[in-house]
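Work through the following exercises with the sequence and the structure open beside you. Try each task before you read its solution.

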Amino acid sequence: MSARTGLGYDCHRFTAGRRLVLGGVEVEHERGLAGHSDADVLSHAIIDALLGAAALGDIGQHFPDTDERYRGADSLELLRVTLRLLDQHGFSVVNVDATVIIERPKLSPYRDAIRASLARALGLAVDAVSVKATRGEGMGFVGREEGAAALALATVTQ
Ligand code: MG
């Protein structure tokens, strides 16, 4: 059995009139993230980390934003589809560690719900799913609240 690790990154722009969804959990905020799907930047980073660990391409290749099937898509469903793909290639997920880079709102009140939501979708114990958050300290697109980003690492075994 060999272990492999993958990296994922994503960012989305804030826009009015959208829900803010992170790890499948709706977070209260005056704006949400723009995107073809539900723009769940955290789930997207995790999907890319999983695909990266398995060397199976990237999210844009599997779920193109030109495909009407994915308009408004629930990104947790995309995560479950990704898991099935890994499973078909003999990979199982060991753990996921992610950081959301967002100026506001504070995610600490949501952290446990987000971890539980992702753990359910990933078929992992909650203690195998780590979600952290950090601010942009006023710098860059995150600091100016133009958007939010997420980084994720995933380890799989085959
Ligand atoms: Mg995305």
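**Exercise 1. The cavity**

Task: Find how many cavities of 30 Å³ or more the structure holds, and describe the lining of the largest cavity.

Solution: Keep in mind from the start that this is a predicted model. The structure holds one cavity of 30 Å³ or more, and the space in the largest cavity comes to about 40 Å³. The next step is to list its lining, which is made up of Leu107, Ser108, Arg111, Ile114, Val131, Lys132 and Ala133. Sorted by character, these residues give four nonpolar, one polar and two charged. Turning to the secondary structure, helix H4 (111–122) and strand S6 (129–134) each supply at least two residues of this lining, and S6 gives the most, with three residues.

**Exercise 2. A threonine beside the cavity lining**

Task: Locate threonine 99, decide whether it is buried or exposed, and find its side-chain partner in a polar contact.

Solution: Begin with the position, for threonine 99 belongs to strand S5 (residues 92–101). Its relative accessibility is 18%, and buried means under 20%, so threonine 99 counts as buried. Leaving out residues up to four places away in sequence, threonine 99 touches Lys132, Thr134, Ala149, Ala150 and Leu151. With one of these, lysine 132, the side chain of threonine 99 makes a polar contact of 3.1 Å. Lysine 132 has already appeared in the first exercise, where Lys132 was among the residues that line the largest cavity.

**Exercise 3. The magnesium ion and the largest pocket**

Task: Identify the protein donors of the magnesium ion, and then look for one of these donors in the lining of the largest pocket.

Solution: The donors are Asp10, through OD, His12, through NE2, and His44, through ND1, and they lie 2.1 to 2.2 Å from the magnesium ion. Along the sequence these donor residues follow the spacing D-x1-H-x31-H. To judge their exposure, recall that buried means under 20% relative accessible area. Aspartate 10 has a value of 16%, so aspartate 10 is buried, and histidine 12 is likewise buried because its value is 15%.

Now turn to the largest pocket, whose volume is about 240 Å³. It is lined by 15 residues, and those nearest its centre are Ser37, His44, Ile59, Phe63 and Asp65. The donor His44 is therefore found in this lining as well, among the residues nearest the centre of the pocket. Strand S1 (3–15), helix H1 (41–54) and helix H2 (59–62) each supply at least two lining residues, with the largest share, three residues, coming from S1. By character, the lining divides into six nonpolar, six polar and three charged residues.

**Exercise 4. The second largest pocket and a cis peptide bond**

Task: Describe the lining of the second largest pocket, and find where a cis peptide bond occurs.

Solution: The second largest pocket holds about 150 Å³ of space, and its lining includes Ile102, Glu103, Arg104, Pro105 and Lys106. The whole lining divides into four nonpolar, two polar and five charged residues. Arginine 104 and proline 105 are joined by a cis peptide bond, with omega at about -5°, and proline 105 lies in the loop between S5 and H4. Such a bond deserves notice because most peptide bonds are trans.

**Exercise 5. Three glutamates**

Task: Compile what can be said about glutamate 26, glutamate 137 and glutamate 145.

Solution: Glutamate 26 lies in strand S3 (residues 25–27) and, at 47% relative accessibility, counts as partly exposed. Its side chain makes a polar contact of 3.0 Å with the side chain of arginine 19, while its contacts, not counting residues up to four places away in sequence, are Arg19, Leu20 and Tyr110. Glutamate 26 and alanine 113 are 87 residues apart in sequence, and their C-alpha atoms are 9.8 Å apart in space.

For the other two, consider the backbone. Glutamate 137, in the loop between S6 and helix H5 (140–143), has a positive phi of about 55°, and its relative accessibility of 53% counts as exposed. Glutamate 145, in the loop between H5 and strand S7 (147–157), has a positive phi near 60°. Most residues other than glycine have a negative phi.

Terms used. Residues are numbered from 1 along each chain as its sequence is written. This is a predicted model: local features need pLDDT of at least 70, side-chain atom pairs count only at pLDDT 80 or more; totals for chains, interfaces and linings use all residues. Side-chain values use heavy atoms; hydrogens and water are left out. Donors are N, O and S atoms within 2.8 Å of the metal (3.2 Å for Na, K and Ca); water is not among the atoms, so sites may look incomplete. Buried means under 20% relative accessible area, exposed over 50%, partly exposed in between (1.4 Å probe, protein chains only). On a 1 Å grid over the protein atoms alone, a cavity is a set of points where a 1.4 Å probe fits but cannot get out, and a pocket is an open set with protein on both sides within 12 Å along at least five of seven lines; lining residues have an atom within 4 Å of a point. Grid points are joined across faces, edges and corners, and a volume is the space filled by probe spheres set on the points. Helices (H or I, at least four residues) and strands (E, at least two) are DSSP runs, numbered from the N terminus. Ala, Val, Leu, Ile, Met, Phe, Trp, Tyr, Cys and Pro count as nonpolar, Asp, Glu, Lys and Arg as charged, and the others, Gly among them, as polar. A polar contact is a pair of N or O atoms within 3.5 Å; within protein, one must be able to donate a hydrogen and the other to accept it, and residues adjacent in sequence count only if both atoms are side-chain atoms. Contact means heavy atoms within 4.5 Å.
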